[in-house]
Amino acid sequence: MLAVQKATPETGFALAEVPIPSPGGGEVLVEVEACGICGSDVHVYQWTSGYEWMKPLMPVTIGHEFAGRVVETAPGVTSISKGDRVTVWPSMSCGTCQACREAQPEHCERKVTLGLTRNGAFATHVTTPASQCFVLPDNVDFELASLTEPLCVGARAVEIGEVKLGHTVVVLGVGMIGLAIALMARRAGASTVIVVGKDDPVRLEVARSLGFSDTIDLAAFDLTTEVQRIVGGKVDRVFEATGVTASIRDGLSVLRRGGVLTVTGIHSKSVEIGLTDLVRNKHQLRGSHGATRATWVTVLKLLAQCGEEFRPLISHRVSLAETVHGFELSIRKQASKVVVMPKLAPANTKGKS
Ligand SMILES: [Zn+2]
Ligand SMILES: [Zn+2]
């Protein structure tokens, strides 16, 4: 089968022909129908710092935001059946570390991530433990289901940032996670959600198409002035989803006293912040990464109830052979979410370009 792999510690991916894997104990084999390109996959593609630990694992097939159909189950697997339509929580806990023993698998110290530390889903088939599978509600199609993982990351960030009814919120970043946070903050009851990008017209337009009328392009406007204009002061909550260090100081500058800034970006550089200001402003700085099993259940319910609300997040659909093209679209900020659909013929690539 065709698989998109990180084979060497340098920019790019290799398109490899590899055998279809067999499910091991407790596992199932999933035929992939849709797999989204994630911001973290882009970091791996570009080989920016923060992923050096992947070197000894190469070659590894990338791709962790996926949905598909179970085509084979290992003997003894009863929770999932052949033919089930599933999406998969790619973060697998060890079951034995202290966090796992304390029933907090999301904090596992030895977690394995499908598509980063074990072979993922930019391929026609992938194996996964049956315990990581969530059966899809009947009305959730595969491409919507492939959004589950990033929507969970957004939902979890909103839980960590404790968005409450009536809060004013600034989201820095218009990539998938920024948009997912904005959508979940609105669902959590925020009165105003301001979506901020920088020289990112295509994705700011996606934000507006999702109903966010308050957007700021930092290439043309000043953050403080615009936030003041929109909410008449500072905001209750800020979320950072850019990976750009300057955005942490930007975020703190528009956060009201006692407010919470939640960081979700992967930062290749460190940042200096004035701790006296942090203390006097009683600012809370929090980190959010991944999600919990409960978040997965919640987001799948949301997709079943109002899936169409989320579909505009998908801007492009490409075939497996065109995966690298999809990455280039993401890097050039020409796309919000690119979904790789292995069954799509290359010439059939759909979407704006
Ligand atoms: Zn992801
Ligand atoms: Zn563990």
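In the predicted model, the zinc ion (ligand 2) is held by four protein donors, Cys94 (SG), Cys97 (SG), Cys100 (SG) and Cys108 (SG), which lie 2.3 to 2.4 Å from the metal. The angles subtended by the 4 donor atoms range from 103 to 118 degrees, and the arrangement is therefore tetrahedral, since four donors are assigned to this class if all angles lie between 85 and 135 degrees. Along the chain, the donors of this ion follow the spacing C-x2-C-x2-C-x7-C. Cysteine 97 is situated in the loop between β7 (91–92) and α2 (98–101), whereas cysteine 108 belongs to the loop between α2 and β8 (112–113); the pair, 11 residues apart, links distant parts of the chain. Both cysteine 97 and cysteine 108 are buried.

The zinc ion (ligand 1) has a mixed set of donors, namely Cys38 (SG), His64 (NE2), Glu65 (OE) and Glu149 (OE), at 2.2 to 2.5 Å. The angles among these 4 donor atoms run from 83 to 164 degrees, and the site is classed as irregular. The donor residues are spaced C-x25-H-E-x83-E in sequence. Histidine 64 is found in the loop between β4 (60–61) and β5 (65–73), while glutamate 149 is part of helix α4 (residues 148–160); the pair therefore ties together parts that are 85 residues apart in sequence. The relative accessible area of histidine 64 is 4%, and this residue is buried. Glutamate 149, at 13% relative accessibility, also counts as buried, because the limit for this class is under 20%.

Attention then turns to helix α8. In this helix, which spans residues 246–253, the buried residues are Ser247, Ile248, Gly251 and Leu252. These residues cover an arc of only 140 degrees around the axis and therefore lie on the same side of α8. The elements against which they pack are β11 (168–172), β14 (235–240), β15 (255–263) and α9 (275–280).

Helix α8 also contributes to the second largest pocket, where 3 residues of the lining, the largest share, come from this helix. The space in this pocket amounts to about 160 Å³. Its lining consists of Lys234, Arg249, Leu252, Ser253, Ile273, Gly274, Asp277, Leu278, Asn281 and His283. At least two residues of the lining are supplied by each of α8 and α9. Leu252 is thus named twice in this description, as one of the buried residues of α8 and as one of the residues that line the pocket.

Technical notes
Residues numbered from 1 in each chain as written. Chains lettered and ligands numbered in written order. Predicted model: local features only at pLDDT ≥ 70, side-chain atom pairs only at ≥ 80, totals over all residues. Heavy atoms only, no water. Buried < 20%, exposed > 50% of the residue type's maximum accessible area, 1.4 Å probe, protein only. Helix = DSSP H or I, 4+ residues; strand = E, 2+ residues; numbered from the N terminus. Arc of directions from axis to C-beta. Contact = heavy atoms within 4.5 Å. Donors = N, O, S within 2.8 Å, 3.2 Å for Na, K, Ca; no water. Tetrahedral: all angles 85-135°; square planar, octahedral: opposite > 155°, others 65-115°. 1 Å grid on protein atoms, 1.4 Å probe; cavity = no way out; pocket = protein on both sides within 12 Å on 5 of 7 lines; lining within 4 Å. Points joined across faces, edges and corners; volume = space filled by probe spheres on them.
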